[in-house]
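Reader: I should like to understand how the terms used for a protein model follow from their definitions. Could you take me through some of them?

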Amino acid sequence: MQFKNPVISTNNHRLTSQFGKRADPITGRLGVQHDGVDIVDAAGLQRTQDIWCTAIANGTVVEKWNGAEIGHGVDILHAGNILTRQYHFKSASPLKVGDKVKKGDRTGIMGTTGRSTGIHLHFGVKINSTRWNNGTYVDPAPYLNGSINIGGSSSAAIKVNDKVRINASATVYATGQHIPAFVKNNTYTVQQVNNDRALLREISSWVSAGDLISVSSSISVTPQSAFKIGDRVRVNQGAKTYTGGTLASFVFNNTYEIAQITGDRAVVGTKNTAADIIDITAAVNVRDLTRV
Ligand SMILES: [Zn+2]
């Protein structure tokens, strides 16, 4: 099997576990969600030599892990609020938080640290994400086989008229000049996209797509869409669901986090720290939300 966007250096992959429900490999419990894919070298070389894992697209390292579950790992944030997660490295990643990576850069050596039963790479993808604790896990397969490309010219995640912010970790424009801090506080409109860079109308500057965070689609921009994923909110008394349905009364008494946002549609839920997800409660119009 060939991956168009390789995540291990040999490009000789075998998936040992797919995304989705499976029996837990340690407890045997059935129906446990596997939030990524597991990958080994098809020739089994990981047992005799170091197999390097790589970034599948340009991005910025936002987390470096050495934990009981993940073992050694990194999270990389890419254009379009797509986060890729790599776990169970043999040893600490050579990368550090804030590092810019390019597609193909080494992220760590395939290993079996953390909650793992053999040498492999666990590779996960979250959309609408800026960090591990927000966004939604999706099947990584389309990102590996090239049917979805992050950034890049072929199917750029950033499009003309998108509203974007510049990543706080970005340091220079695509043209090399320093980005002042205050520039990162505002939302801009994409005027033009060229390969992996975008021209922002309000500041007439080119910024690398990997340094941009999509704030909302161009379809439905309201002042309230200044809300973003992870914001803590309350649902206004008497509000309906986004499609006009009735909300249970307890909804108005709770505080939620925004799990997804598209135009004026926000999905809110309760953070489930143990499972590293937001348990979804409802989709509502952003006009019916109050920040807390
Ligand atoms: Zn896994």
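Author: The following exchange sets several terms against their definitions. The model is predicted: local features need pLDDT of at least 70, side-chain atom pairs count only at pLDDT 80 or more, and totals for chains, interfaces and linings use all residues. Residues are numbered from 1 along each chain as its sequence is written.

Reader: What makes strand 20 and strand 21 a pair?

Author: Strands are DSSP runs of E with at least two residues, numbered from the N terminus, and two strands pair if DSSP finds at least two bridges between them. Strand 20 (residues 265–272) and strand 21 (residues 277–285) are joined by eight bridges, so the requirement of at least two is met, and the sense is antiparallel. Among the partners, Val268 stands opposite Ala282, and Val267 is bridged to Ala283. The two strands form a hairpin with four residues between them, and Asp276 in the turn has a positive phi of about 60°.

Reader: How do you know that strand 19 and strand 20 pair as well?

Author: Five bridges join these antiparallel strands, so they too satisfy the definition. Ile258 has Val268 as its bridge partner, while Thr262 stands opposite Arg265. Their hairpin has two residues between the strands, and Gly263 there takes a positive phi near 60°.

Reader: Why are strand 21 and strand 22 said to stand at the edges?

Author: The open sheet has five strands in the order 21-20-19-18-22, with antiparallel pairing. Strand 21 and strand 22 (289–291) each have a single partner strand, so one side of each lacks a neighbour in the sheet. With direction ignored, neighbouring strands are turned by 50° against each other on average, the axes being lines fitted to C-alpha atoms.

Reader: Why is Gly238 called exposed?

Author: A residue is buried if 20 or more other C-beta atoms, placed from the backbone, lie within 10 Å of its own, exposed if 12 or fewer, and partly exposed in between. Gly238 has 9 such neighbours, and therefore counts as exposed. Gly238 is found in the loop between strand 18 (232–235) and strand 19 (256–262).

Reader: Which class does Phe227 belong to, and why?

Author: Phe227 has 19 C-beta neighbours inside 10 Å, a value between the two cut-offs, so Phe227 counts as partly exposed. Phe227 lies in the loop between strand 17 (212–216) and strand 18.

Reader: Which residues is Phe227 in contact with, neighbours within four places in sequence aside?

Author: Contact requires C-beta atoms, placed from the backbone, to lie within 7 Å. On that basis Phe227 is in contact with Ile258, Ile261, Ala266, Val286 and Leu289. Phe227 and Leu289 are 62 residues apart in sequence and 9.1 Å apart in space, C-alpha to C-alpha.

Definitions and conventions: Axes fitted to C-alpha atoms, helices over the stretch in contact; angles between N-to-C directions. Contact = placed C-beta atoms within 7 Å.
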